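Please walk through the model below, beginning with its internal space and moving outward to sheets, helices and unusual backbone sites.

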Amino acid sequence: MSSAPEQEAEQGERFARDPGRPGTGAGPVPRTAGTNGHRPTASAPPAGAPVWPGSPEPLGARFKVGADGVAGTNFALWAAGAEAVELCLFDDEEEGEGEKGTAAPGGAVRETRCHLTELTHEIWHGFVPGVLPGRRYGYRVHGRWDPWTGARWNPSKLLLDPYARAVDGDFALPPEVYGHVRDWPQQHIADTVRDERDSAPYVPKGVVVADDDDWADDHRPKTPWPDSVIYELHVRGFTMRHPGIPERLRGTYAGLAHPAAVEHLVRLGVTAVELLPVHQFAHEDHLLRRGLRNYWGYNSIGYFAPHAAYAASGSRGRQVGEFKRMVRALHAAGIEVILDVVYNHTAEGGELGPTLSLRGIDNRGYYRLQGDARRYADYTGCGNTLHVVQPNVLRLITDSLRYWVTEMGVDGFRFDLAAALARSMHDVDMLSPFLAVIAQDPVLRRVKLIAEPWDVGSGGYQVGAFPPLWAEWNDRYRDAVRDFWRGALPDVRDLGYRLSGSSDLYAWGGRRPYASVNFITAHDGFTLRDLVSYEQKHNEANGEGNRDGTGDNRSWNCGAEGESDDPAVRSLRGRQLRNLLTTLLLSTGVPMLVAGDEMGRTQQGNNNAYCQDNATSWIDWSLLDDTADPAWRALTDLCSRLLALRRTHPVLRSRAFFSGRPQSADGLRDLAWFSPRGTEMTEADWYAPTRTLGMYLSGRDIPQRDPKGSPVTDDSFLAVLHGGHRPQRFTLPGPPWADAYELLVDTSREDQRTAPGTRRRAGARITVPPRAVLLLRAVPPRGGQEAGSEVRT
């Protein structure tokens, strides 16, 4: 005989499973679900504004002048399995309940419901005269409630249009926004009990936006991939503390467009900003309960709408124009705009998450479900995964991408957890529908496409596997460079591949070195300064007991954990920062910097600051104040100088992989590797333990032609990387490599202005300081050899 709690659980489960029982769509839900004090019913449109048939194309809400010159908005929603769709229009009111509709608590909003009766190819549509830009709207979608088959329709929940181009309001997560009874006593079946409380007063609404921009005055930089330098930044964090940006514009698109912000980007020398997610996103319930917010934004809910909280001009559609003006300002400065996009999952989470949009429109059509259709397939670690194999989902994503290119002016995309998008039914498939559609799309195949080439599912690690047209975040580069400078590489074989473009990963299928996006840090993990200051994560402020964030940081604190007043520790950390930046900017491939790393930004050891919307994450521009600590200004100057060298010298940004073979009778190679003896490295040298590597890049043999087909020539360079803690003697290679060498960069010096100009003869033995990079320009053999003593720094 069952105990009372067991009987209650069994009765609850039968109650939820039985299609003839309440809560399954066959009748009213239990009163425990509540009704928020009213049960609104559908009403006809206001007098004189009938719902005309309209058009199923395009999807979303599009304002236009319809038949007989009548202005209004066409609404179209894909909802294949729905039984009925109501368009809900919202008006602000002075007080009380509207004549037709429902007022929110306090009587601030009137809701008018309009039935969409036209259904064409699974798209519900209608044209509503008199609905002008700025009008707020949402949908209520009717259908079966049967979670065991994946059916989760609930018309009590107001749903955001997946194609909404602007969103007004904040996402809070009270119980009313859940399609199921969130607080049902038996949590293991809570997702099966339908909640009939109205969510409209608690959720944001879509906003009708006018098409009023043809981009005729915009000039896209169209920077070639080999010439690109990416700068990953957060719109809010980059501008919140900038003293040159007016306070009312800080944290906004307008703030990023301000001349003070653009000036730093131009002076630094980057060619593109990669913006952390700017699609409309929501904050997770567990963060809101702890008084925190999602700062990074990897929790999208609106793929067409710029995140309204980053707009200084308001959220009733003005954020769209503000975003466009930001893009124009950056383009005018020669800077491209790349968006970090999250199409692998949405903010609705798993079966216990809120019902905000896709779940209530057609759960089975939008999400990957398990064999037990109550559950979601989760290749993202975020509760759900979009079912990209479904044509309507693939259309949603590609329509969104094209919209941001053609109507919002952006120049490319970085795809979060891109392996999840490349899955066919289960496995990652490089012939998947998503990748195939992108490859043939006349708009998308011409913009920059960057994959984060992994997800959390089985077989999800796909570095080096994406097809031509795609660049990839190269974490193999990150790990090798970190390990070399912290003394954890047994030899320099892996480092050689990473410095020269990672041909072991990308020299196939016509791919080029610029398929490798080289990075040492990213938003996720330690900042560059923290990488040389902490060996352990310090994420206590996140409220998760320091359990979040990776423990594999490959960092070295230089002898003290955290900030230190020890001059020796501070000096060593400064040298390591210069080593890491110099290595990144001299490597073949596309370098990616993280905003603030060039000036020593710290997060105090937090390597997962996704919920820190505060000074922990915001850039501290006072670091550039020479009176505080001149070292940070010097680091910025070094970064700018290295980028200028890269921009000036094509040999530092090769468009093709090096051959490593002699290019002429004198035996000169386009790429050569040298041991400290000054001789080319042998096979045995690559396998021998060593902390020193010399890389020679020949400017005489660049595999590149100018627009008229003539060979491109350049200076030749020798970079010497020494990761040992003692000085290292190094013999400068003689002819045919050079007659002499001019020292350009020496990372053992804080102030690089004292280093350039020192020239030494080929064959001289120089002393490389401990843990340092030397960059030398090779003076070609042509007589006039200059003798000199060795370089001591």
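The largest cavity holds about 150 Å³ of space. A cavity here is a set of points on a 1 Å grid over the protein atoms alone where a 1.4 Å probe fits but cannot get out, and lining residues have an atom within 4 Å of a point. Grid points are joined across faces, edges and corners, and a volume is the space filled by probe spheres set on the points. This is a predicted model, in which local features need pLDDT of at least 70 and side-chain atom pairs count only at pLDDT 80 or more, while totals for chains, interfaces and linings use all residues. Residues are numbered from 1 along each chain as its sequence is written, and side-chain values use heavy atoms, with hydrogens and water left out.

Of the 15 residues that line the largest cavity, H234, Y295, V594, R601 and S617 are the closest to its centre. Strand 12 (230-233) and helix 2 (235-239) each supply at least two residues of this lining. Helices (H or I, at least four residues) and strands (E, at least two) are DSSP runs, numbered from the N terminus. By class, the lining has 8 nonpolar, 5 polar and 2 charged residues; Ala, Val, Leu, Ile, Met, Phe, Trp, Tyr, Cys and Pro count as nonpolar, Asp, Glu, Lys and Arg as charged, and the others, Gly among them, as polar.

Strand 12 also belongs to a barrel, which 8 strands close in the order 12-13-16-17-18-19-20-21 with parallel pairing. Two strands pair if DSSP finds at least two bridges between them. Neighbouring strands of this sheet are turned by 30 degrees against each other on average, direction ignored. Within the barrel, strand 16 (residues 336-341) pairs with strand 17 (residues 412-415) over 4 bridges, and D340 stands opposite R414.

Which strands does helix 6 lie across? Helix 6 (residues 318-332) lies across strand 13 (272-275) and strand 16, running at about 135 degrees to strand 16. Helix 15 (residues 567-586) lies across strand 20 (516-518) and strand 21 (590-594), at about 145 degrees to strand 21. Angles run from 0 to 180 degrees between N-to-C directions, and axes are lines fitted to C-alpha atoms, for helices over the stretch in contact.

Helix 15 packs against helix 11 as well, at an angle of about 145 degrees and with the axes 11 Å apart. In this packing, Y477, V481 and W485 of helix 11 meet Q576, N579, L580, T583 and L584 of helix 15, where contact means heavy atoms within 4.5 Å. The contact has 5 nonpolar, 3 polar and no charged residues. The second largest cavity, about 70 Å³ in volume, has W485, Q576 and L580 among its lining residues. Helix 11 (475-485) and helix 15 are the elements that give two or more residues to that lining.

A separate topic is the open sheet of 5 strands, which has the order 4-3-7-11-10 and antiparallel pairing. Strand 4 (109-116) and strand 10 (167-168) are its edge strands. Strand 3 (residues 84-92) is joined to strand 7 (residues 136-142) by 7 bridges, and C88 stands opposite G138.

Lastly, the backbone. Most residues other than glycine have a negative phi, and most peptide bonds are trans. The bond joining E57 and P58 is cis, with omega about -10 degrees, and P58 lies in the loop between helix 1 (4-17) and strand 1 (60-65). N546, not a glycine, has a positive phi of about 60 degrees and lies in the loop between helix 14 (528-531) and helix 15.

Note on methods
On a 1 Å grid over the protein atoms alone, a cavity is a set of points where a 1.4 Å probe fits but cannot get out, and a pocket is an open set with protein on both sides within 12 Å along at least five of seven lines; lining residues have an atom within 4 Å of a point.
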